[in-house]
Structure formats: structure tokens, C-alpha cells
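These are my notebook entries on a structure that was new to me. I set down what I looked up, entry by entry.

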Amino acid sequence: MDLFNIQSINLSRLLREGGSAEAGGEIHGVIRAGEEEFHLDGPDLWKASVTAVGDGEFWLSGEIAGKVVMECARCLEPTSAAVRAYFQHMLRYEPGQDQIELIEEGEEEVYLFGHPDLDLSSFLAEAFVSAMPFTVLCKEDCKGLCPVCGANRNLVDCGHAAPHDGGKLSGLKRFLDEV
């Protein structure tokens, strides 16, 4: 399997003869999902295989693994998070189909494509973004930002004490104290 930067797989032979085809590569810099860009920490590696299952239908499966840069949930510093995602999709060749299109047939989803060079970038991006964590911490004991001045408490001691307004659960605390 050759590594290359283009995220596609050529299915010309499979369309004529059947069988399977494999491809793999590296993604550098960013993964684009719609309008959003997700910055990467090093190359993300991907691989995919397509198997002809008959009547112009193909089974696509693959995986993508790497690191994405996210903001720490407490201090907002850039933080790397490992991501590993797998995907599987049914494809159908429809000559003349300009773009990849998702259709539903009963309870099954099928992606229609019309060009032998199948662009995998949307499949890779969807799987990667779906597997990203919701939040990350730069370290388990991250002190976060000062609520008074906004300083990163991991880097400086600004001297401010956290304001005590009772917080969201102050009513519950008062209730429990009374019981």
C-alpha cells in the first residue's frame, strides 16, 4: 500500500473486473469538515479498502488515526488529543453522478458515486471528527483561568482568590445544611 497525500482511491479495475483495492496516506496540517478546519499535531495516517460486492455496489471500510489540536477546557491552551476512527459504508456506482450523494433505501444508507477516482476526504473527515473527544485537558491538574483577571493559573499566581458568590448549587448546599 503506497502512502500519498491525495485522499482518493481509483476503482477503474474494480468496475471492470471486481475484486478489492486498497489505498492509504497521510494528512498534514488540517482536516476540513464542511466549513470547519481542525488542526493536526503531526501527520494523521489513514487506510481504506473497497471491495466489489456485485451489481455496481462496493463495500468501503477504513480507518484514520492521529492527533488533533484542541483547546484545554480549563485554560484554553492548545492541547493534543489522540483520535482513532473507523468507518464502513455501502457505495453504488451511478455513471454520470457528479458528486458523492447519500441516499436512504429502507433502513440502509448508500453513497452514490459516478467517477472511478473515489474522493475519500469526506469519509475520512466525518469519521475523524465524530471520534474526536468533546473536551480535553492539558493536564489532569490544570488550574484553569483566573475568574477575576483571566490569567492562566498554570503559568502565574495572580493573587486573586476565586470570588465566592455561592455558585449554582448554593441553594442546594443551604438546603442540605438545614436537613
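Entry 1. Ser49.
I began with S49, which I found in strand β6, a run covering residues 44-54. I noted before anything else that the model is a predicted one. Is S49 buried or exposed? Its relative accessibility is 19%, and buried means under 20%, so S49 counts as buried. I then looked up its contacts, leaving aside neighbours within four places in sequence. The list consists of A21, E22, W59, L60 and S61.

Entry 2. Salt bridges, beginning with E37 and R32.
How many salt bridges does the structure hold? I recorded five. As background, I noted that side chains of opposite charge can pair when their charged atoms come close. One of the salt bridges joins the side chains of E37 and R32, with 3.1 Å from N to O. For E37 I read a relative accessible area of 42%, so this residue is partly exposed. R32 counts as exposed because its relative accessibility is 55%.

Entry 3. E63 and K47.
I returned to strand β6 for K47, whose side chain meets that of E63 in a salt bridge of 3.7 Å, N to O. Where do the two residues of this pair lie? E63 is in strand β7 (residues 57-71) and K47 is in strand β6, 16 residues apart, and the pair thus links distant parts of the chain. I compared their accessibility next. E63 has 16% relative accessibility and therefore counts as buried, whereas K47, at 41%, counts as partly exposed. I also found a network of salt bridges that links K47, E63 and R84.

Entry 4. E105 and R92.
I looked up a further salt bridge, formed by E105 with R92, and read 2.8 Å between the closest N and O atoms. E105 belongs to strand β9 (residues 101-105) and R92 to strand β8 (residues 78-93), so this pair ties together parts that are 13 residues apart in sequence. E105 counts as partly exposed because its relative accessibility is 36%. R92 has a relative accessible area of 14%, so I entered this residue as buried.

Entry 5. Strands β7 and β8.
Which way do β7 and β8 run, parallel or antiparallel? They run antiparallel, and 15 bridges join them. Within this pairing I located M70, which stands opposite T79 in β8. The hairpin of β7 and β8 has six residues between the strands. In that hairpin I noted L76, which takes a positive phi near 70°. I added a general remark: in a regular strand the side chains alternate between the two faces of the sheet.

Entry 6. Strands β8 and β10.
I followed β8 to its pairing with strand β10 (residues 108-113). These two strands run parallel, and four bridges join them. I then asked which residue in β10 is the bridge partner of Y93. The partner is F113.

Entry 7. Aromatic pairs.
My count of aromatic pairs came to three. Y93 and F113 form a tilted aromatic pair, 5.4 Å centre to centre with 55° between the planes. Because Y93 lies in strand β8 and F113 in strand β10, the pair ties together parts that are 20 residues apart in sequence. Thus Y93 and F113 are bridge partners and also an aromatic pair. Y93 is partly exposed, since its relative accessible area is 24%. F113 is buried because its relative accessible area is 2%. I recorded one aromatic cluster formed by F58, Y93 and F113.

Entry 8. L155.
I turned to the loop between α2 (121-131) and α3, where I found L155. At 65% relative accessibility, this residue counts as exposed. I also looked up L155 against K143: the two are twelve residues apart in sequence, and their C-alpha atoms are 9.3 Å apart in space.

Entry 9. Helix α3 and a surface patch.
I ended with L176, which lies in helix α3 (residues 170-178). Is L176 buried or exposed? Its relative accessibility is 53%, so L176 counts as exposed. L176 takes part in a nonpolar surface patch together with L172 and F175. For this patch I entered an area of about 310 Å².

How values were computed. Residues are numbered from 1 along each chain as its sequence is written. This is a predicted model: local features need pLDDT of at least 70, side-chain atom pairs count only at pLDDT 80 or more; totals for chains, interfaces and linings use all residues. Side-chain values use heavy atoms; hydrogens and water are left out. Patches are made of residues with over 30% relative accessible area and no salt bridge: like charges are joined within 9 Å, nonpolar side chains (Val, Leu, Ile, Met, Phe, Trp, Tyr) within 5 Å. Accessible areas come from the Shrake-Rupley method with a 1.4 Å probe; for residues, only the protein chains shown count as cover. A salt bridge is a side-chain nitrogen of Lys or Arg within 4 Å of a carboxyl oxygen of Asp or Glu. Buried means under 20% relative accessible area, exposed over 50%, partly exposed in between (1.4 Å probe, protein chains only). Contact means heavy atoms within 4.5 Å. Two strands pair if DSSP finds at least two bridges between them. Rings of Phe, Tyr and Trp (its six-membered ring) pair if their centres lie within 6.5 Å; planes under 30 degrees apart count as stacked, over 60 as edge-to-face and the rest as tilted.
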